[in-house]
Amino acid sequence: MTARILLLGGTGDALAIARTLGPQHVYSLAGLGRVPADLACAVRVGGFGGAEGLARFLADANIALVFDATHPYAAQISANAARACMAARVPYWALRRAPWQAQPADDWRMVSGWTGVVEAIAPFARPLFTLGREPLAHLNDVPPQQHWTIRCLEAHPGHARARIIDARGPFTADGERALFTEACIDVVVSKNSGGAATEAKLAVAREMGLPVVMMQRPPLPGAQREFASAQEAIDALAHPI
Ligand code: NAP
């Protein structure tokens with residue numbers, strides 16, 4: 001494909017796709033995590049300034065296709081991308097990773113936002129948060145009967161009422177079992193990210209009979225073409241539009 005692609009990323013799947021793109025294409029990151037330095041394609045970092053800014057970027061950079069491989073909970077950038085593509089008349093394709101499905105032995109408690117999380121974990125003492133950085137903003141609200149374990153991609157000096165683990169997946173069942181046991185985890189708080197890299201926590205919660213407080217996925221815009229895996233996307237992007 002010679003038409004110029006803008007790949008919106010920030011996930012392992014997006015990085016896998018970016019690794020297959022040549023120098024005329026652009027990989028875009030919000031700038032919150034690591035910026036890869038070993039890609040053949042161009043890498044740009046930082047927001048576009050909303051849907052209008054993104055539409056301007058599409059025109060200025062002569063983009064012929066936007067591929068959205070952002071995280072399923074990054075709803076703002078996906079909404080902006082769909083709007084910008086419509087305004088600029090550029091095709092909008094997306095990776096839509098399938099959500100995990102509860103198994104019969106699972107005890108999933110669905111919530112829709114931070115207030116729901118706080119209510120759902122109220123009966124528990126040792127929650128494990130795997131939501132990204134959001135719990136770090138609430139460290140001063142940890143109830144006296146709770147101690148939090150927070151796993152995210154952010155180095156943090158720590159807190160008297162919380163342990164912050166700076167770790168990047170994939171995580172294994174053995175590793176999760178060891179963490180749950182050592183930290184006396186009694187409830188797991190998760191996004192329904194889908195994919196294999198962070199799924200082991202659900203199997204271990206099932207095995208140990210622990211409930212999972214699961215954040216609902218936000219609604220995402222429809223795309224002209226949707227792909228269920230990075231490999232499907234790579235195959236499609238290898239052929240002309
Ligand atoms: P968000 O709420 O959807 O986006 C917030 C703003 O960040 C967007 O409006 C946009 O700024 C900028 N932005 C987001 N992704 C961008 C990208 N790939 N390239 C350029 N600008 C981008 O996103 P978020 O939930 O904060 O997530 C930020 C990034 O982390 C995303 O790229 C996502 O793939 C990744 N990530 C998110 C999660 C999660 O749980 N949310 C988990 C893993 C990875 P402007 O409006 O100024 O353009």
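## Polar contacts with the ligand

A polar contact is taken here as a pair of N or O atoms within 3.5 Å, and the model to which this cut-off is applied is a predicted one. By that criterion Ala-74 qualifies, since a backbone N or O atom of this residue lies 3.2 Å from an oxygen atom of the ligand. Phe-48 likewise places a backbone N or O atom 2.6 Å from a ligand oxygen atom, whereas Lys-191 uses a polar side-chain atom, which lies 2.6 Å from an oxygen atom of the ligand. Taken alone, the ligand exposes 810 Å², of which the protein buries 73%.

## The shell around the ligand

Around the ligand there are 22 residues, and those that come nearest are Gly-9, Ser-28, Phe-48, Ile-77 and Lys-191. By class, this shell is made up of 12 polar, eight nonpolar and two charged residues. Strand S2 (26-29) and helix H3 (75-88) each supply at least two of its residues, and the largest share, four residues, comes from H3.

## The sheet and the helices packed on it

Six strands, in the order S3-S2-S1-S4-S5-S12, form an open sheet with parallel pairing. Strand S3 (42-45) and strand S12 (225-227) stand at the edges with a single partner strand each, so one side of each is left without a neighbour in the sheet. Neighbouring strands are turned by 20° against each other on average, direction ignored.

Strand S1 (residues 5-8) pairs with S2 in the parallel sense over three bridges, and Leu-8 stands opposite Ser-28 in S2. Helix H2 (residues 50-60) packs on the sheet, touching S1, S2, S3 and strand S4 (65-68), and its direction makes about 145° with that of S1. Helix H7 (residues 230-237) also packs on the sheet, where it touches S1, S4, strand S5 (92-95) and S12, with its direction at about 135° to that of S12.

Definitions and conventions
Residues are numbered from 1 along each chain as its sequence is written. This is a predicted model: local features need pLDDT of at least 70, side-chain atom pairs count only at pLDDT 80 or more; totals for chains, interfaces and linings use all residues. Side-chain values use heavy atoms; hydrogens and water are left out. A residue is near a molecule or strand if one of its heavy atoms lies within 4 Å of it. A polar contact is a pair of N or O atoms within 3.5 Å; within protein, one must be able to donate a hydrogen and the other to accept it, and residues adjacent in sequence count only if both atoms are side-chain atoms. Accessible areas come from the Shrake-Rupley method with a 1.4 Å probe; for residues, only the protein chains shown count as cover. Ala, Val, Leu, Ile, Met, Phe, Trp, Tyr, Cys and Pro count as nonpolar, Asp, Glu, Lys and Arg as charged, and the others, Gly among them, as polar. Two strands pair if DSSP finds at least two bridges between them. Axes are lines fitted to C-alpha atoms, for helices over the stretch in contact, and angles run from 0 to 180 degrees between N-to-C directions. Contact means heavy atoms within 4.5 Å.
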